[in-house]
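Colleague: Got a minute to walk me through this model? I'd like the helix packing first, then the odd spots.

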Amino acid sequence: MKKALIIGGGFAGCSASHMLADSGRWCIDLVEENSFLGAGVRTFWKGGHPFTFGPRHFLTQNEDTYHYLKKYCPLRDCSEHQFLTYIEQDAAFYSFPIHKDDIAKMPDRDIIYRELENAELANKNVSFSPSGGVVSGGELLNADNLEEFWETSVGKTLYSKFVENYNKKMWQVDDNKVIDNFGWSPKGITLKEGPRESWDDAISAYPIAADGYNQYFDLATENVNIFLGTTIEKYDIPNKTVVINSEKKKYDVIINTISPDIILEGVHGELPFIGRDLELFVLPVKEAFPENVYFLYYAGKEKYTRIVEYKKLTRQNLDHPTTLLSIEYPSENGKHYPLPLKAEIAKAKKYFDDMPDGVFSIGRAGSYDYGVDIDDCIEQALEVSEQLK
Ligand SMILES: Cc1cc2nc3c(=O)[nH]c(=O)nc-3n(C[C@H](O)[C@H](O)[C@H](O)COP(=O)(O)OP(=O)(O)OC[C@H]3O[C@@H](n4cnc5c(N)ncnc54)[C@H](O)[C@@H]3O)c2cc1C
């Protein structure tokens, strides 16, 4: 049997383990620094309520990816869900993505309508990819940065209300002009008409089981040698050799899911990430948010970005007299969000170029791509396993 090493036991590492193990041709070692698999997607409990680190629902436009996960982790449809954004200056919550029908309720609607007339010209013939990237058309493609992209799309006023401060705190920058990779930003569309559901053109789902995705992580790694609470002591990636628990091990294939600078000893410099702190709190009410609203964004100068009500996602303990919420603060803790800056993406590419045949780097940190969500982790794992057939 050939030997494979998987570095990191988050969604990407578990999916890759599953797909390789399924072929029966690989002896697989998985190294995970935490004492558990699944990273932020793992379900824990507080106050009797299950929760993950942030929302972590499953979104995809790929039926095959959906059916793969559903086979091993039964899912319920949650396409009814909506997001709201709080706009302090209006003392109001509005839908996000920004909804055309909400503009009539805004005190500054006249100026917004005027700005939108110009924006409509710029937006003509623009189409967005499922993950939000601009596919074709319009002046938008020529925008140099996130600010220009949004101002051209929806005008200065909507940009300043909904997008400006949110992105500054999310990416910890003083000026959104430094964000020069922004295709992910519209979350499907800059200005929405029709249904208020956040993802009316994608499959949205959440595990039915009270313990969320946990059983999938166990099942996916059933036939794998798992080293929990372990980090690799020494990497020799060109020779596909590492030292684990003082033992030198050589592999035929390495699938990395952590930041590539770590496994290549930072030769091209450190890849920066934004981290996140999460605070949990229980409220003495059965339900806190309006029906179908799963989470709230805060687009102003509040230090937090998002509040999630877990019952909405999990549908567990609906009659329990309390509800569990989390509040998220951008921070330096954890490699959660690769920066959407072309210079850093180019730095990451240098690391990928240094990887020899048989070494793959997948997952959000492993690809150094903020656009990588749960469905992308599965698809990348599938792609690698296909290549290794
Ligand atoms: C707050 C938040 C909310 C999100 N919500 C959603 C959502 O609703 N829907 C969605 O589709 N996506 C969501 N995402 C994105 C999605 O969850 C991630 O893209 C995906 O889970 C990433 O999986 P991964 O395996 O690539 O990385 P990770 O989950 O980061 O896993 C990497 C693993 O490697 C381990 N590790 C790190 N360093 C080392 C080391 N040196 N040695 C050994 N092990 C190491 C880590 O402990 C971790 O277990 C969210 C992300 C965040 C941060």
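Colleague: Which residues of H2 meet H11, and which H11 residues do they meet?

Modeller: On the H2 side there are Thr65, Tyr68 and Leu69, and they meet Asp375, Ile378 and Glu379 in H11. Contact here means heavy atoms within 4.5 Å. By type, the residues of that contact divide into 3 nonpolar, 1 polar and 2 charged. For that count Ala, Val, Leu, Ile, Met, Phe, Trp, Tyr, Cys and Pro are nonpolar, Asp, Glu, Lys and Arg are charged, and the others, Gly among them, are polar.

Colleague: What is the angle between H2 and H11, and how far apart are their axes?

Modeller: H2 (residues 63-72) and H11 (residues 374-387) pack at about 95°, and their axes are 10 Å apart. That makes H2 roughly perpendicular to H11. Angles of 65 to 115 degrees get that label, under 35 is roughly parallel, over 145 roughly antiparallel, and the rest oblique. The axes are lines fitted to C-alpha atoms, for helices over the stretch in contact, with angles running from 0 to 180 degrees between N-to-C directions.

Colleague: Before I lean on any of this, where do the numbers come from?

Modeller: This is a predicted model, so local features need pLDDT of at least 70 and side-chain atom pairs count only at pLDDT 80 or more, while totals for chains, interfaces and linings use all residues. Residues are numbered from 1 along each chain as its sequence is written, and side-chain values use heavy atoms, with hydrogens and water left out.

Colleague: OK, zoom out. How many helices and strands does the protein have?

Modeller: The protein has 11 helices and 22 strands. Those are DSSP runs numbered from the N terminus, helices being H or I with at least four residues and strands E with at least two.

Colleague: And what is the radius of gyration of the protein?

Modeller: The radius of gyration is 22 Å, close to the 21 Å that the globule rule gives for 389 residues, so the protein is as compact as a globular protein of that length. The radius is taken over C-alpha atoms, and the rule is 2.2 Å times the number of residues to the power 0.38. Along the principal axes, the C-alpha atoms fill a box of roughly 70 × 50 × 35 Å.

Colleague: How much of the protein is buried?

Modeller: Of the 389 residues, 56% count as buried. Buried is under 20% relative accessible area, exposed is over 50%, and partly exposed is in between, with a 1.4 Å probe and protein chains only.

Colleague: Give me a buried example. What does alanine 16 touch?

Modeller: Alanine 16 lies in helix H1 (residues 11-22) and is buried at 1% relative accessibility. Not counting residues up to four places away in sequence, alanine 16 touches Ile6, Ile255, Ile362 and Ala381.

Colleague: Where is isoleucine 362, then?

Modeller: Isoleucine 362 is in the loop between strand S22 (359-361) and helix H10 (364-367), and at 5% relative accessibility it is buried too. Its contacts beyond four places in sequence include Ala12, Ala16, Ile255 and Val384. Isoleucine 258 is 104 residues away in sequence, but the two are 8.1 Å apart in space, C-alpha to C-alpha.

Colleague: What about valine 308, buried or exposed?

Modeller: Buried, with a relative accessible area of 0%. Valine 308 sits in strand S19 (residues 306-309), and among the residues it touches are Pro55, Phe289, Tyr294 and Leu313.

Colleague: Now the odd backbone spots. Which peptide bond is cis?

Modeller: The one from phenylalanine 96 to proline 97, with omega near 0°. Proline 97 lies in the loop between strand S8 (92-96) and helix H3 (109-123). Most residues other than glycine have a negative phi, and most peptide bonds are trans.

Colleague: And what is the phi of serine 246?

Modeller: Serine 246 has a positive phi of about 70°, although it is not a glycine. Serine 246 is in the loop between strands S14 (241-244) and S15 (247-250) and is exposed at 66% relative accessibility. Asparagine 317 also has a positive phi, near 55°. Asparagine 317 is in the loop between helix H8 (310-314) and strand S20 (323-331), and at 34% it counts as partly exposed.
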